[in-house]
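Grab a pencil and work through a few short exercises on this model. Try each task yourself before you read its solution.

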Amino acid sequence: MTKAALAFLSDGFKEAPFWRDELPDVPIPAVDLPDKVETLVIGAGFTGLVTALTMARAGREVLVVDAGEPGHGCSTRNGGQVSPEMRPTSEGLGRKLGPEAAQRILGTGAAAHKFLRGFVATEKIDCDYKVCGHFIGAHSPGRLKDLEAFGAEQRLFGSQAVIVPRSEQGAFVESDDFHGGLALPDWSSIHPGRYHRALLRLALAAGARILPSHRVEKIDDLGDHARVTVAGRMIQAQAVVVGTDRYADGALPWLRRRIVSVASYVLTTEPMDPALVARLYPGARMVYDTRKNVSYHRPTPDGQRILFGTVVPLQEAHALESLPMARANMLRVFPDLVDVKISHAWYGMVGATFDHLPHIGSHGRIHYATGYNGTGIAMSTYLGTMLGRKLMRAPDAVTGLDGRSFPTMPFYTGNAWFRTPLLYLHQLQDAMR
């Protein structure tokens, strides 16, 4: 890609998450690989750390290993939107499973949202958690009716939800890109980097051991225990917890067959006049659209930049080539930002599932909470906690997702070769709806 094609980059442009500029340093004590461990947790993101924290506080021996630095995956690559949203609709799930099961499953989203709010308050976590409200803008007039149905469903689970006509949407976002929308005033936002670092500190303080830059190469379930090969060394574990979401790799073939990776590309602008940011985002709300290739955006917590995430075709080895398309999506919403330069750009791989639901459960000695389908901040905290409690056989560790089969597709091995063609199909469908 030529320099001219990237003339909109700021002088100090970083191809890295904006959140990491503000991450406090958390010293991690040196750890030697043991021969045996009670619980081995794979992944030092939200799910793994919360599970480790829950078990370590109860006196369990926990070792967390990560192939990279803690939080290198989507825990510090997301947009910081916090919601109770679950992807399937109540109507669709009801036809498939019956109304009672549908209510129980979808109610898990509301439970997770409430749990995270209480967790942040109880632990006194400084992570810019704010009940800012969200606005979902209809990208075409016909989608407003769909939002009416979604709003009615959210009200069933305790969320406030108000349809906003186009003439009044300026009170939520200053853009002509939408045809009205749905306001969800009790949904939230967070600084995911600061939240992750708080979880890291809490897990260490509780006694969990954390070992970065050690890849799990193989897991053998031997019935009465698991044998895990980590960086060439075999470790015996009574339980293995997987908290990697889409970042599960070849060491976890059973799980990898059930997760589809979806790339989300994110950028932030250089610092702007805070008055302009406040005008574009009254109330500092989170904003989405109704496209299949969704875009989501917000002001950064300091009120000086815009963070804009979107689903665009992406090749991981050439991720920067997706930036012009992502920026074009931003300018579709805010055309007046054409002269504003981009300071950061990055991507994260979202774990999607074939039934569009998160999953918590066990496969032999391997236990997992995964498949958050793009709404994982609250859900990973909730399911990670519940997974830890389940492993300790707590009688009240029950979720609406328990006992669900975890579907895959014939011949699918984890290589989402169909991702790019599907995105182009979604672009066509978005244009027609």
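**Exercise 1: two helices in contact**

Task: find which residues of α2 meet which residues of α3.

Solution. S90, L93, G94 and L97 in α2 meet P99, A101, A102, Q103, I105 and L106 in α3, where contact means heavy atoms within 4.5 Å. Sorted by type, the residues of this contact give 7 nonpolar, 3 polar and no charged.

Before going on, note that this is a predicted model, in which local features need pLDDT of at least 70, side-chain atom pairs count only at pLDDT 80 or more, and totals for chains, interfaces and linings use all residues. Residues are numbered from 1 along each chain as its sequence is written, and side-chain values use heavy atoms, leaving out hydrogens and water.

**Exercise 2: the crossing**

Task: work out how the axes of α2 and α3 cross.

Solution. Start with the axes: those of α2 (residues 90–97) and α3 (residues 99–123) come within 7 Å and cross at roughly 130°. That makes α2 oblique to α3 (under 35 degrees is roughly parallel, over 145 roughly antiparallel, 65 to 115 roughly perpendicular, the rest oblique).

**Exercise 3: cysteines**

Task: say how many disulfides the structure holds, then look at C127.

Solution. The count is 0 disulfides, a disulfide being a pair of cysteine sulfur atoms within 2.5 Å. C127 is in none, as its nearest cysteine sulfur, in C132, is 12 Å away, too far for a bond. Now check burial (under 20% relative accessible area is buried, over 50% exposed, in between partly exposed). C127 counts as buried at 1%, and C132 is buried at 7%.

Methods
Axes are lines fitted to C-alpha atoms, for helices over the stretch in contact, and angles run from 0 to 180 degrees between N-to-C directions. Helices (H or I, at least four residues) and strands (E, at least two) are DSSP runs, numbered from the N terminus. Ala, Val, Leu, Ile, Met, Phe, Trp, Tyr, Cys and Pro count as nonpolar, Asp, Glu, Lys and Arg as charged, and the others, Gly among them, as polar. Buried means under 20% relative accessible area, exposed over 50%, partly exposed in between (1.4 Å probe, protein chains only).
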